[in-house]
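Biologist: Please pick one part of this model and give me a close look at it. I'd like to hear how it sits among its neighbours, told as one connected story.

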Amino acid sequence: MLQHVLESALRQTMNRLVRPVLNPAVPVPLQRRIVRQAFRSSTPPRGAKFENITIGGVPATRTTFGNDPRGAVLYLHGGGYIIGSSSTHRGITGHLAKTTGCAIVTPDYRLAPEFPFPAALDDAEACWNGLLEAGLKPDQIAVAGDSAGGGLSVALAMRLRDKGLQLPASLTAFSPWIDLTQEQLYAPEIEPVLQASWTSKAARLYAGKEPLTNPLISPIFGDLSGLPPLLIQVGSQEILLNDAERLAEAASRNDVETRLEVYNSLWHVFQVHSGQLDRATAALETAGEHIKRHLAD
């Protein structure tokens, strides 16, 4: 009963405080400031440790929980490629560090409109290479991300594959944004977080002069064959539900080991409420098991 009340309260908070800010009429710098404050309600577990680092020439945050982390997760934060940072995502990365036992490395990749495609992808690849240069092997690194970061995770794996390089041990995508054309957006009865007009503007700012159908911008238009095992989690109350389902279908069709989890009556990247909302906590535990299962010792 208490959890039901909490879900309702969080849904209303997102709808009243976050969704109005994610509006194309609000200047991007102001969105960044307000969202940075809003994410203060997403709290990491007690005992999580955060360290500012530079990896592959890119500023990042390294998150750990406990001693002697096993392997690493390259975590690519969401925010439509125009907002968000490693600091806004300390709640989700802190809990992911706890459930995986890994060091979570979250780069502050360059954002649009100042730095359009392929800046974010180039920075993600630079961080991947930085982890390898630090002595980790590809099968000791998982890649994960939420929203735009979920799409960026898939795009990174595609780029590495196309270069003939070794791939990460697994991919995890929370509410992934994988079709920036928005031609098949879901229209839920309730959408507490995102507005299609905002994501449409973010897509244009990120793509710049590139077509939105570029597979490294919208991975659904690319070849997904040969990618690592993929876990996708999505809420039923979000416009990216179709993106998640289409990604799962396309990946399975290309013989990628794929698992899709749809959480009824939850919203975009609900995992940020881990530690508060039981179902969000359970979702990150599931993600942690997926990541641990595929990491090499």
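Modeller: What follows starts from one strand, works outward through the sheet, and ends with some charged pairs.

Some housekeeping: this is a predicted model, so local features need pLDDT of at least 70 and side-chain atom pairs count only at pLDDT 80 or more, while totals for chains, interfaces and linings use all residues. Residues are numbered from 1 along each chain as its sequence is written, and side-chain values use heavy atoms, with hydrogens and water left out.

My pick is strand 7, residues 230-235. Helices (H or I, at least four residues) and strands (E, at least two) are DSSP runs, numbered from the N terminus. Six of the six residues in strand 7 are buried, where buried means under 20% relative accessible area, exposed means over 50%, and partly exposed is in between (1.4 Å probe, protein chains only). Leu230, Ile232 and Val234 point one way, Leu231, Gln233 and Gly235 point the other, and all are buried.

Now for the neighbours. Two strands pair if DSSP finds at least two bridges between them. On one side, strand 6 (residues 171-174) runs parallel to strand 7, joined by four bridges, and Thr172 has Leu231 as its bridge partner. On the other, strand 8 (residues 258-263) also pairs in the parallel sense with strand 7, over six bridges; here Leu230 is partnered by Thr258.

The connections on both sides go through helices. Strand 6, helix 6 (residues 196-207) and strand 7 form a right-handed β-α-β unit, and strand 7, helix 7 (residues 241-253) and strand 8 form a right-handed one too. Right-handed here means that, with the strands pointing away from the viewer, the path from the first strand over the helix to the second runs clockwise.

Zoom out and you get an open sheet of eight strands with mixed pairing, in the order 1-2-4-3-5-6-7-8. Strand 1 (48-55) and strand 8 stand at the edges with a single partner strand each, so one side of each has no neighbour in the sheet. Ignoring direction, neighbouring strands are turned by 20° against each other on average. For angles like this, axes are lines fitted to C-alpha atoms, for helices over the stretch in contact, and angles run from 0 to 180 degrees between N-to-C directions.

At the strand 1 end, strand 2 (residues 58-65) pairs with strand 1 in the antiparallel sense over eight bridges, with Thr54 opposite Pro59. Helix 8 (residues 278-294) packs on the sheet, touching strand 3 (72-76), strand 5 (141-146), strand 6, strand 7 and strand 8, and its direction makes about 170° with that of strand 7. Contact means heavy atoms within 4.5 Å.

Strand 4 (residues 103-107) is mostly covered as well, with five of its five residues buried. Ala103, Val105 and Pro107 are on one side, with Ile104 and Thr106 on the other. Strand 4 runs antiparallel to strand 2 over four bridges, one partner pair being Thr61 and Thr106. With strand 3, strand 4 pairs in the parallel sense over three bridges, and Ala72 stands opposite Ala103. The chain gets from strand 3 to strand 4 through helix 3 (residues 90-100), in a right-handed β-α-β crossover.

Back near my starting point in sequence, helix 7 brings in some charged pairs. A salt bridge is a side-chain nitrogen of Lys or Arg within 4 Å of a carboxyl oxygen of Asp or Glu, and by this rule there are twelve. Asp179 and Arg246 make one of them, at 2.9 Å, N to O. That pair links distant parts of the chain, 67 residues apart: Asp179 lies in the loop between strand 6 and helix 6, and Arg246 in helix 7. Asp179 is buried at 2% relative accessible area, and Arg246 counts as buried at 15%. Arg253 and Glu249 make another, at 3.7 Å, N to O; they are four residues apart in helix 7, which means about one helical turn. Both Arg253 and Glu249 are exposed.
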